[in-house]
Amino acid sequence: IMDDLLSRKVGGAIFRGSAADEFRDIRDELIRRGVPFATVDLVNDAKVGIGVACDNRQAGYDATRHLIERGYRRVAHVTHKLILEYAILRHEGYLAALADLAPSAEPRVITVSGQAPDENAAVLDEALSAPPSQRPDAVFCVGDFPAMEVLGSAYRLGLKVPDDLGVCGFSDSAVARCAPP
């Protein structure tokens with residue numbers, strides 16, 4: 001890919017995404033070849049080029065704090081497998097907020113797939129159908145799509161949001177605007 005791009009005399013590159021390890025290899029090659037680049041939503045630990053990114057760790061902390069400040073005590077984190085940088089950082093923020101603001105709370109992680117809605121429904125239904133004293137009373141979701149899936153499970157199980165379950169998504173994407181008020 002790199003040779004193809006450079007043969008077209010590109011003046012620079014912009015990278016967006018969450019596959020930090022893949023980006024590092026390309027970034028190192030661009031640096032070696034002297035090609036300028038910018039990043040969007042990637043942590044650029046080489047401190048070369050320019051970039052803009054969300055502080056995903058702080059955002060995870062803030063979202064979890066938001067739920068705790070509203071009185072929720074059994075806050076779970078609904079996330080994808082912790083392999084993508086943004087998911088890892090949001091999870092670290094979740095854990096830090098629990099440690100700081102609700103130290104007696106036990107971290108609860110509910111892992112969903114980005115590609116298997118039926119599987120996700122079963123996992124979420126199981127987690128949310130536990131007896132009230134054992135199930136999460138709130139969830140911080142890694143993104144808006146998992147938050148919509150949580151809302152679907154809450155509806156199927158007769159849980160009222162926010163009375164029985166607090167739900168916090170992430171990104172304010174178009175899918176979030178489809179959620180019922």
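Which residues have the most contacts inside the largest nonpolar core? In this predicted model, they are Leu-67, Val-75, Leu-98 and Phe-140, within a core of 14 residues. At least two residues of this core are supplied by each of helix H3 (56–69), helix H4 (85–101) and strand S6 (138–141). H3 gives the largest share, namely four residues. In soluble globular proteins, nonpolar side chains tend to be buried together.

Leu-98 illustrates the packing within this region. Setting aside residues up to four places away in sequence, Leu-98 is in contact with Thr-64, Ile-68, Val-75, Pro-103, Ala-105 and Pro-107. A second core, separate from the one above, comprises 13 residues, among them Leu-124, Leu-128, Ala-154 and Leu-165.

Helix H3 merits closer description. Its buried residues are Asn-56, Ala-59, Gly-60, Tyr-61, Ala-63, Thr-64, Leu-67 and Ile-68. The elements covering them include strand S4 (75–79), H4, S6 and strand S7 (166–168). Because a helix is expected to extend 1.5 Å a residue, the 14 residues of H3 should span 20 Å, and the separation of its end C-alpha atoms, 20 Å, agrees. After H3 comes Gly-71, which has a positive phi near 100 degrees.

The remaining feature is a pair of helices. The axes of helix H5 (residues 117–128) and helix H6 (residues 144–157) come within 9 Å and cross at roughly 55 degrees; the two helices are therefore oblique to each other. The crossing of H5 past H6 is right-handed. On the H5 side, Pro-117, Asn-120, Ala-121, Leu-124, Asp-125 and Leu-128 take part in the contact, meeting Glu-149, Val-150, Ser-153, Ala-154, Arg-156 and Leu-157 of H6. Leu-124, Leu-128 and Ala-154 also belong to the second core.

Methods:
Residues numbered from 1 in each chain as written. Predicted model: local features only at pLDDT ≥ 70, side-chain atom pairs only at ≥ 80, totals over all residues. Heavy atoms only, no water. Core = buried A, V, L, I, M, F, W, Y, C linked by side-chain atoms within 4.5 Å. Buried < 20%, exposed > 50% of the residue type's maximum accessible area, 1.4 Å probe, protein only. Contact = heavy atoms within 4.5 Å. Expected span 1.5 Å × (residues − 1). Axes fitted to C-alpha atoms, helices over the stretch in contact; angles between N-to-C directions. Parallel < 35°, antiparallel > 145°, perpendicular 65-115°, else oblique. Left-handed = near helix turned anticlockwise from the far one by under 90°.
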